[in-house]
Amino acid sequence: MGRPQTLSKIRVRLLLGFVTAFVFMVLFGAFSYVYFARIEQRLVFLSHADSMLNTVLEFRRYEKNYFLYHHEKDYQQALAYLGEFDGLLKSQAEHLSAGLGQAGYRLLLANAGRYEEALGAAHRMLGGALAGGDSSGELAAAIDGLRSAGQQIIHGCEVLARQERHEIQRLLRQYRPVMIAFLLCLAALGAVAAHGLIQRLVRPLKVIEDAAQDVGRGQFRVIAWNDRRDEIGDVIAAFNHMVRHLRQNNEQMIQTEKLTSLGTLTSGVAHELNNPLNNISTSTQILLEELDSPDLQEYHRELLAAIEQQVAKAKDIVGSLLEFARQREFEPSRHDLRAVIDETLKLIKGEIPAQVQVEVDAPAGIVMDMDKAHIVQALINLIINAIQAMDGAGRLSILARLAEGETVRLELTDSGSGIAPEVLPRIFDPFFTTKEVGRGTGLGLSITYGIIERHRGHIQAESRPGQGARFIITLPLRAGEA
Ligand SMILES: Nc1ncnc2c1ncn2[C@@H]1O[C@H](COP(=O)(O)OP(=O)(O)OP(=O)(O)O)[C@@H](O)[C@H]1O
Ligand SMILES: [Mg+2]
């Protein structure tokens, strides 16, 4: 944010990468173009060399036919091809002297001249011989000279064609390693780019994703990766800013909740302690006033017993308060839910009136992580509440089922008095009770709520007054982190 554009910006690096690859390809393209132009030129030369060789073979064929059959037509054809060959020798002078060297080219020219002369002389001698003259010895010598010049011309043309072929092969051989080197460089460039991309983009994105998931789970941790000066660095900085903000808000929220429950707690403690303290105070005052009278000993004992009872009551309240505030160790282990429900019912059998029917619909084999003592305590609180709401007779059903996403759904439905809509939002508050003084402290549901939360579960209540209440609990099968 507000940082100057530097080389470390990802978009600048990407652009540099593309430009490098582009320049590299253009250079290789230009190199290939020059090479192929040279090869093409060589191919043109090769075709010239081939056509010269063909022309030579043609005039030599007519030459042989002429000396065999003595047709003037063959001699003329040989002369015509010879003329064509001369034309090629002159038009390709530059290429021929480059290919054969100056000396080679001059030799080829000389041989062509020699051949032409020998052909003309042999033609004249053959004409004389045919007319009756005797020149067979000279004719044979002229034909020999002619053939040796012809062979040398053929040899020169063959050398030229061979040289061109070799040159083309040499150029192709030279090109191959350059092409392989280019492909290797391109592969290396690609590998470096992929590695860079993973290092600079994919890995940090994974880190951000993990951190975002942690935030979703309520763990507000910042990403310790602040040496980045690029776009990812900016994203991390913005993410960390957001996490700090969320953490602050969350802490404030928890604080507000604590203060709210502290208010309820204080008024509950004050209210609950007020009665036993009033009673203690009244009993003590009477005791003080009556202290002088000698015949009231029995009455004094009664008063002292009342004081002790009220003190016990006050201690009871303080004890519950301490239990609420106490943070016990959370020790989860594997338990079968059905067995835990049965054990809880056995524990409070004595508190269930005969007219109250308890039905359990829970399959055996739902094995889950739980702190058994805590879950038993939570179930007791819920069952006792249900019994108290029923006023001696009714039905309580306890249902457990496996639910979506590796969770268990537990429902306790009673046929008691139900919960009034204005009361419903407050039932989990500490010290909230609708029961008469001395019957409830209002801590049962808040303790239960804490236990379910500790198991990373959720509890909620539904009710319509007069139609009973239902408490729905969801718990994960696996404990995980609290
Ligand atoms: N099953 C139920 N049916 C009707 N009302 C209920 C039921 N369970 C809880 N409540 C209401 O919720 C209030 C709070 O319950 P909670 O268990 O926290 O406290 P309590 O039962 O009043 O006191 P304690 O549990 O400390 O003896 C109860 O006073 C009652 O009004
Ligand atoms: Mg209760």
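**Ligand 1, its pocket and a small cavity**

An oxygen atom of ligand 1 lies 2.5 Å from an N or O atom in the side chain of threonine 434. Hi everyone, I wanted to open with that contact. Please keep in mind that this is a predicted model.

Right beside it in the sequence, threonine 433 also takes part, with a polar atom of its side chain 2.6 Å from an oxygen atom of the ligand. Leucine 445 uses its backbone instead: a polar atom there is 2.8 Å from a ligand oxygen. How much of the ligand's accessible area does the protein cover? On its own, ligand 1 has 590 Å² of it, and 90% is covered by the protein.

Let's step back to the whole shell. There are 19 residues around ligand 1, and the closest are Asn385, Thr433, Thr434, Lys435 and Thr441. By class, that shell has nine nonpolar, eight polar and two charged residues. Which elements supply at least two shell residues each? They are helix 8, running 372-390, helix 9, at 444-454, and strand 7, at 469-476. Helix 8 gives the most, with three residues.

Now for the space itself. Ligand 1 sits in the second largest pocket, which holds about 1,000 Å³. Its lining is made of 39 residues, and those closest to the pocket centre are Asn385, Gln388, Lys435, Gly440 and Gly444. You'll recognise Asn385 and Lys435 from the list of residues closest to the ligand.

The pocket lining divides into 18 nonpolar, 14 polar and seven charged residues. Helix 8, helix 9 and strand 7 come back here, joined by helix 6 (297-325) and strand 5 (407-414), each of these five supplying at least two lining residues. Helix 8 has the largest share once more, with nine residues.

One last stop, for those of you who like enclosed voids. How many cavities of 30 Å³ or more are there? The count comes to one, and the volume of that largest cavity is about 30 Å³. Its lining consists of Ile375, Ala378, Leu379, Leu410, Ile452, Ile473 and Leu475. By class, that makes seven nonpolar residues, with no polar and no charged ones. Helix 8 and strand 7 each supply at least two of them, and the largest share, three residues, comes from helix 8.

So if you take one element away from this talk, take helix 8: it gives the most to the ligand shell, the largest share to the pocket lining and the largest share to the cavity lining. Thanks for listening!

How values were computed. Residues numbered from 1 in each chain as written. Chains lettered and ligands numbered in written order. Predicted model: local features only at pLDDT ≥ 70, side-chain atom pairs only at ≥ 80, totals over all residues. Heavy atoms only, no water. Near = heavy atom within 4 Å. Polar contact = N/O pair within 3.5 Å; in protein donor to acceptor, adjacent residues only side chain to side chain. Areas by Shrake-Rupley, 256 points an atom, 1.4 Å probe, with all protein chains shown as cover. 1 Å grid on protein atoms, 1.4 Å probe; cavity = no way out; pocket = protein on both sides within 12 Å on 5 of 7 lines; lining within 4 Å. Sits in = over half its atoms within 2 Å of the grid points. Helix = DSSP H or I, 4+ residues; strand = E, 2+ residues; numbered from the N terminus. Nonpolar A, V, L, I, M, F, W, Y, C, P; charged D, E, K, R; others polar. Points joined across faces, edges and corners; volume = space filled by probe spheres on them.
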